[in-house]
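Student: Can we go through this one together? I'd like the overall layout, then a helix, then the pocket.

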Amino acid sequence: IVACYLGYYNDAYGYLKQASRMDLDNYNKNVGSGIHAACSGGAYQMLVNGYAGLRVYDNKLHFKPVIDPKWTSLEFKIKFKGSLLKIKIYKDRTVYTLLEGKDISLYHGDKLLTISSSPVEEPNSIILEA
């Protein structure tokens with residue numbers, strides 16, 4: 001998360017890869033004893049708080065999205081103040097969709113958006129090249 005915040009995206013990708021593959025690759029040869037739940041949670045937080053840049057300030061959602069150039073998109077859902085949002089990040093843009101609940105205001109970078117019945121699409125300010 002901090003690596004993304006500081007713009008060290010190559011390092012961030014390495015940390016994400018390590019956390020998400022800990023059990024799949026059985027790095028420590030101990031998967032038979034159970035999964036590393038903290039690594040799974042850390043990978044999720046890396047995607048949402050790191051790459052999507054999600055923060056909550058002044059009781060509002062703030063996003064500063066960027067995705068790794070090897071990916072085509074990153075999609076996740078979050079529930080905030082009773083509203084369910086779908087966030088889909090592409091290399092050049094992010095789409096915010098209200099799936100249920102009341103209209104919600106959020107920040108995409110420094111721009112305040114209101115998400116209601118129609119999806120809202122905004123260009124990303126950071127686009128990483130391969």
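Tutor: What follows covers those topics in that order. This is a predicted model, where local features need pLDDT of at least 70, side-chain atom pairs count only at pLDDT 80 or more, and totals for chains, interfaces and linings use all residues. Residues are numbered from 1 along each chain as its sequence is written, and side-chain values use heavy atoms, with hydrogens and water left out.

Student: How many helices and strands does the chain have?

Tutor: Three helices and eight strands, taken as DSSP runs numbered from the N terminus (helices H or I, at least four residues; strands E, at least two). From the N terminus on, the order is α-α-α-β-β-β-β-β-β-β-β.

Student: Which residues of helix 2 are buried?

Tutor: Tyr-9, Ala-12, Leu-16 and Ala-19, where buried means under 20% relative accessible area with a 1.4 Å probe, protein chains only. Seen down the axis of helix 2, the buried residues fall within an arc of 85 degrees, so they line one face; the arc is that of the directions from the helix axis to the C-beta atoms.

Student: And what covers them?

Tutor: The cover includes helix 1 (2-6) and helix 3 (37-51).

Student: Pocket next. How much space lies in the largest one?

Tutor: About 440 Å³. Of the 23 residues that line the largest pocket, the closest to its centre are Tyr-5, Gly-53, Phe-63, Lys-64 and Pro-65. A pocket here is an open set of points on a 1 Å grid over the protein atoms alone, where a 1.4 Å probe fits, with protein on both sides within 12 Å along at least five of seven lines; lining residues have an atom within 4 Å of a point. The volume is the space filled by probe spheres set on the points.

Notes
Buried < 20%, exposed > 50% of the residue type's maximum accessible area, 1.4 Å probe, protein only. Contact = heavy atoms within 4.5 Å.
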